[in-house]
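I opened my notebook to record what I looked up in this structure. The entries are short and follow the order of looking.

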Amino acid sequence: MRSIQKCLVALSIIAGVAAPLGAGVSGASTTSSFPLTLKMADGTFTFTTRPDAIVSLSPTSTEMLYAIGAGSQVKAVDNYSDYPTNAPKTTLSGYDPNVEAIAKYNPDLVIVASDTANFNTQMAALKIPVLYDPAASNLSQACAEYGPLGKVTGHNAQADKEVATIKATIAHIVATTPHAKKNTTYYYELEPDYYSVTSATFVGKLFSLLGLTSIADSAKGLASSGGYPQLNASFILKANPTYIFLADTLCCNATAASVTARPGWSTLSAVKNHRIVPLNDDIASRWGPRITILLQDVADGLKGTPVPASS
Amino acid sequence: MSTERRVKTAQLATSAISPRVPLLVAGIGLVVVILISTAVGPANLSIPTVAGILLSHVPLLHFHSGASAIDHAIVWDIQLPRVILGGIVGAMLAAGGASYQGVFRNALADPYLLGIAAGAGLGATIVIVASSGSTTWLPAAAFVGGAVAVTLTYIVGAKFGGRSSGNSVVLAGVAVAALFTAVQTSLLQQHAPDLQSVYSWILGSLASATWSNVWLIAPYAVVSATVLLTHRRLLDVLRLGEEEAASLGVNTRRVRLIVVAAATLGTAAAVSVSGLIGFVGIIVPHMVRLTTNASYRVVMPVSIVGGAAFLILADMVAHTIESPAEVPLGVVTAIVGAPFFIFVLRSRRAQQGVL
């Protein structure tokens with residue numbers, strides 16, 4: 001479950017210290033003009049200048065910040081924010097945010113992925129604005145997070161551009177990948193104990209763009225799993241998926257060879273036909289700018305192109 | 001000697017206690033449960049298909065089941081090792097519980113009494129946290145953790161406790177368990193993302209059972225079961241009480257040590273592959289006592305067979321009720337176990353001192 005947790009739990013926090021001299025820039029739709037008054041997760045704040053000491057407690061938000069050109073404004077990121085590699089990684093936890101530890105960075109904006117009432121109250125007391133960028137459950141939700149992020153950091157134009165690029169890249173991948181035949185199924189492995197995703201999750205929706213259906217969709221008792229059910233080996237063998245995608249290559253060293261060696265798995269058609277596609281778990285558990293790389297890896301897997309273990 | 005004890009002694013001396021009938025019943029139950037639970041699962045295979053696949057593995061029979069390769073793999077590589085492993089684990093936990101109850105003369109003793117659960121839990125947590133999720137060394141770490149905790153309990157209890165009453169060992173077990181659990185909790189608190197893995201281990205599961213797990217614990221199970229079965233008469237003598245047993249020429253200290261060591265070995269092996277499964281060690285021996293006889297000549301062998309059947313059945317519920325998702329096995333045994341536990345406490349035979 002590690003990847004799910006990382007995904008759901010990653011928190012990003014940007015804190016904005018109001019600087020006295022507002023560098024007001026015109027052009028309403030393209031660039032924010034400061035001072036700027038915005039409704040944040042913990043109240044309404046007026047940013048007199050653009051935030052320059054951002055704390056991101058969400059690996060996805062960290063990636064988004066750098067993608068829209070706000071990287072230089074980032075002061076600290078949480079312990080799972082490993083991309084880009086030059087992001088100022090700290091021991092701050094997005095899973096269990098510690099207000100005092102965050103306050104030490106004197107942030108003028110904090111970005112989080114999970115919304116906890118107590119955290120917001122404490123941050124409000126410290127007068128630190130919090131932006132809430134929750135785990136997206138579909139592509140449009142993911143894209144919708146760039147707008148507010150661009151606005152508050154003063155990078156509207158780049159945020160819009162990034163969204164356009166992501167959409168165009170995805171459209172291009174979908175257009176150039178031969179559409180999978182009907183009833184092409186996949187087993188997506190989050191953890192070696194068979195946690196998987198349904199087609200209703202963020203990843204599942206991305207995969208269905210290429211015509212793929214998750215075997216987990218036909219599992220009974222899905223309601224309580226939130227789209228991330230735990231399957232069992234008999235179920236997977238009986239479902240005999242066309243493809244196997246491994247999103248546990250980094251956490252748990254899953255490989256095509258280790259899957260093939262599992263008792264009974266050599267009878268699967270995906271194993272016999274070498275249709276096991278290793279993915280980078282970090283990319284696959286985030287909804288940031290690198291979703292295009294994830295989709296490309298999947299598309300390459302469908303085309304039979306070997307995929308590097310960690311792209 | 002109290003009247004009650006005199007009666008007990010008389011019973012022990014005179015009654016021809018034979019486990020044959022209850023053992024036969026439990027044995028038939030076990031075979032039926034094995035067949036059904038090998039078939040039942042998300043794949044929904046029929047009993048004849050399963051029987052055919054099993055027969056095709058009988059040497060010299062040259063039987064061809066005609067089942068598909070995938071069905072064959074489901075039965076032989078996934079369902080059957082799970083069932084067999086469940087049987088071994090259930091047998092060990094039930095035998096361990098029965099032994100602990102006898103040695104400590106306490107109806108509520110279970111195999112985790114001396115801190116094995118806390119020790120194994122800490123061992124498992126350390127491995128999961130240190131290897132960030134890898135489970136290769138999990139069984140070894142849980143085994144070692146459990147063994148260390150019980151050894152520590154025994155040393156502390158024997159050194160500072162009184163003259164082998166057993167109570168000081170039990171109290172030492174409480175202290176050791178508290179210590180190990182505290183260390184485990186603080187480790188988990190610092191590694192929150194690993195919570196899920198540790199938690200699912202703690203609640204017990206046979207979902208990842210393989211033949212190699214079976215071969216891994218089988219030797220320990222055989223040794224443990226053999227020792228416990230050969231000590232069943234001595235356990236009966238211990239039921240009389242410390243002084244009476246000593247007056248019959250039994251070295252109670254030695255018997256107690258051997259039985260605890262054997263029960264711990266079996267329990268640690270079981271825990272190492274299945275995580276912590278509660279209540280089996282309490283329910284099964286008591287069920288045997290209530291339905292048959294309190295003599296260890298019956299309780300021990302029937303608990304071993306009945307424990308196997310009980311856990312296989314519980315695991316069948318665990319992996320079918322929300323199929324294909326798994327309900328933690330420990331949750332299933334506790335849901336059955338808790339009401340039964342109350343029933344045991346209220347039962348007249350327990351109040352009359354069936355132990």
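Below are my entries on one strand and its neighbours, then on the contact between two chains.

I noted first that this is a predicted model, where local features need pLDDT of at least 70, side-chain atom pairs count only at pLDDT 80 or more, and totals for chains, interfaces and linings use all residues. Residues are numbered from 1 along each chain as its sequence is written, while chains are lettered from A and ligands numbered from 1 in the order in which they are written.

Entry one: strand β5 of chain A. I found β5(A) at residues 109-112; helices (H or I, at least four residues) and strands (E, at least two) are DSSP runs, numbered from the N terminus. Leu109(A) and Ile111(A) point one way, Val110(A) and Val112(A) the other way, and all are buried (20 or more other C-beta atoms, placed from the backbone, within 10 Å of a residue's own). In a regular strand the side chains alternate between the two faces of the sheet.

Entry two: its partners. I saw β5(A) pair in the parallel sense with β3(A), residues 54-56, over three bridges; pairing requires that DSSP finds at least two bridges between two strands. Val110(A) is the bridge partner of Val55(A). β5(A) also pairs with β6(A), residues 130-132, in the parallel sense over three bridges, and there Tyr132(A) is the bridge partner of Val112(A).

Entry three: the contact. I read that 27 residues from chain B and 27 residues from chain A take part, counted where C-beta atoms, placed from the backbone, lie within 7 Å. On the side of chain B that touches chain A, the largest share, seven residues, comes from α4(B).

Notes: Contact = placed C-beta atoms within 7 Å. Buried ≥ 20, exposed ≤ 12 C-beta atoms within 10 Å, placed from the backbone.
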